[in-house]
Amino acid sequence: MTNPRPTTRFVLDASRSCNIKCKFCYYLHTYNNWSAYDWDMNKVKAEIDAGVARGNDYMDITGGEPTMYKHIIETVEYAKSKGLKVCIITNGIVNEIRTDQLIQAGIDDFLISRHGLKDTHNFVTNYKDAYDK
């Protein structure tokens, strides 16, 4: 029998900007001003440094839609330079160029949110083509 240990992951939530408007979004009430919540890189670096100092070795980036965050590439590169593994939790509606940039930056994982079959997913995301995209 192994001894359980706490997770060594932490969450970075540096942006609320998003390309869809899910019915269940925690931040829906701030929709018209999402960009005001985007962190600058100094704050991002401080949070990453704090995670490393705590002994974290894995970072999940959430949002909003993290692939839209203006500093996402730099964030991934900085986290990787600190020895962290990095996962982006995304709705998956991201263009190929950004995906390639994230891969080049060293992203370890993408976790793509799905919320049911096609009709259900499109309904809860308020985006008629979300499932297909």
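# A walk through the chain, starting at helix 4

Select Asn 122 to begin: you'll find this residue in helix 4, which covers residues 118–125. Before you go on, keep in mind that you're looking at a predicted model.

**Stop 1: Asn 122 and its helix**

Is Asn 122 buried or exposed? Its relative accessibility is 11%, so Asn 122 counts as buried, the cut-off for that being under 20%. Now show what lies around the side chain. Leaving out residues up to four places away in sequence, Asn 122 touches Tyr 127, Lys 128, Asp 129, Ala 130 and Tyr 131.

Widen the selection to the whole of helix 4. Which of its residues are buried? They are His 121, Asn 122, Val 124 and Thr 125. Here's something handy to remember while you look down the helix: an α-helix has 3.6 residues a turn, so residues three or four places apart point the same way.

**Stop 2: just past the helix**

Step on to Asn 126, in the segment after helix 4. Its phi is near 60°, a positive value in a residue that isn't glycine. That's worth a pause, as most residues other than glycine have a negative phi. Asn 126 has a relative accessible area of 43%, so this residue is partly exposed.

**Stop 3: Ser 113, on the other side of helix 4 in sequence**

Go back along the chain to Ser 113, in the loop between strand 4 (109–112) and helix 4. With a relative accessible area of 22%, Ser 113 counts as partly exposed. What does it touch, once neighbours within four places in sequence are set aside? The contacts of Ser 113 are Ile 89, Thr 90, Asn 91 and His 121. You've already met His 121, as one of the buried residues of helix 4. Try a distance too: from the C-alpha of Ser 113 to that of Asp 129 is 14 Å, with their positions 16 residues apart in sequence.

**Stop 4: Gly 83 and Ala 79**

Next, select Gly 83, which sits in the loop between helix 2 (72–81) and strand 3 (85–90). Buried or exposed? Gly 83 counts as exposed, because its relative accessibility is 57%. Draw a C-alpha to C-alpha line from Gly 83 to Asp 57: the two are 26 residues apart in sequence and 7.1 Å apart in space.

Now click on Ala 79, which has its place in helix 2. At 0% relative accessibility, Ala 79 counts as buried. Beyond residues up to four places away in sequence, Ala 79 touches Ile 48, Met 59, Leu 84 and Val 86. Add Asp 49 to the view as well: its C-alpha is 8.5 Å from that of Ala 79, although 30 residues separate the two along the chain.

**Stop 5: Ser 15**

Head towards the N terminus and pick Ser 15, in the loop between strand 1 (9–12) and helix 1 (41–54). Ser 15 has 3% relative accessibility, so it counts as buried. Which residues does Ser 15 touch, not counting those up to four places away in sequence? Show Tyr 37, Asp 38, Thr 62, Gly 63, Gly 64 and Tyr 69. For a longer line across the view, join the C-alpha atoms of Ser 15 and Glu 96, which are 21 Å apart in space and 81 residues apart in sequence.

**Stop 6: the cysteines**

How many disulfides does a search of the whole structure find? The count is 0. Select Cys 18: the nearest cysteine sulfur belongs to Cys 22, and the distance is 6.0 Å. That's no disulfide, because the sulfur atoms would have to be within 2.5 Å. Cys 87 isn't in a disulfide either, and its nearest cysteine sulfur, that of Cys 18, is 16 Å away. Cys 87 counts as buried, with a relative accessibility of 3%.

**Last stop: zoom out**

Switch to a cartoon view of the whole chain. You can count 4 helices and 4 strands, and from the N terminus on they run β-α-β-α-β-α-β-α. The C-alpha atoms fill a box of roughly 45 × 40 × 30 Å along the principal axes. A compact globule of 133 residues would have a radius of gyration near 14 Å, and this chain's 16 Å agrees with that.

Colour by burial and 38% of the 133 residues come out as buried. Turn on the surface: its accessible area is about 8,100 Å², and carbon and sulfur atoms hold 50% of that. Finally, colour by charge: there are 17 positive and 17 negative charges, and their mean positions are 3 Å apart.

Methods
Residues are numbered from 1 along each chain as its sequence is written. This is a predicted model: local features need pLDDT of at least 70, side-chain atom pairs count only at pLDDT 80 or more; totals for chains, interfaces and linings use all residues. Side-chain values use heavy atoms; hydrogens and water are left out. Helices (H or I, at least four residues) and strands (E, at least two) are DSSP runs, numbered from the N terminus. The radius of gyration is taken over C-alpha atoms; the globule rule is 2.2 Å times the number of residues to the power 0.38. Buried means under 20% relative accessible area, exposed over 50%, partly exposed in between (1.4 Å probe, protein chains only). Accessible areas come from the Shrake-Rupley method with a 1.4 Å probe; for residues, only the protein chains shown count as cover. Lys and Arg count as positive and Asp and Glu as negative; His and the chain ends are not counted. The place of a charge is taken as NZ of Lys, CZ of Arg, CG of Asp or CD of Glu. Contact means heavy atoms within 4.5 Å.
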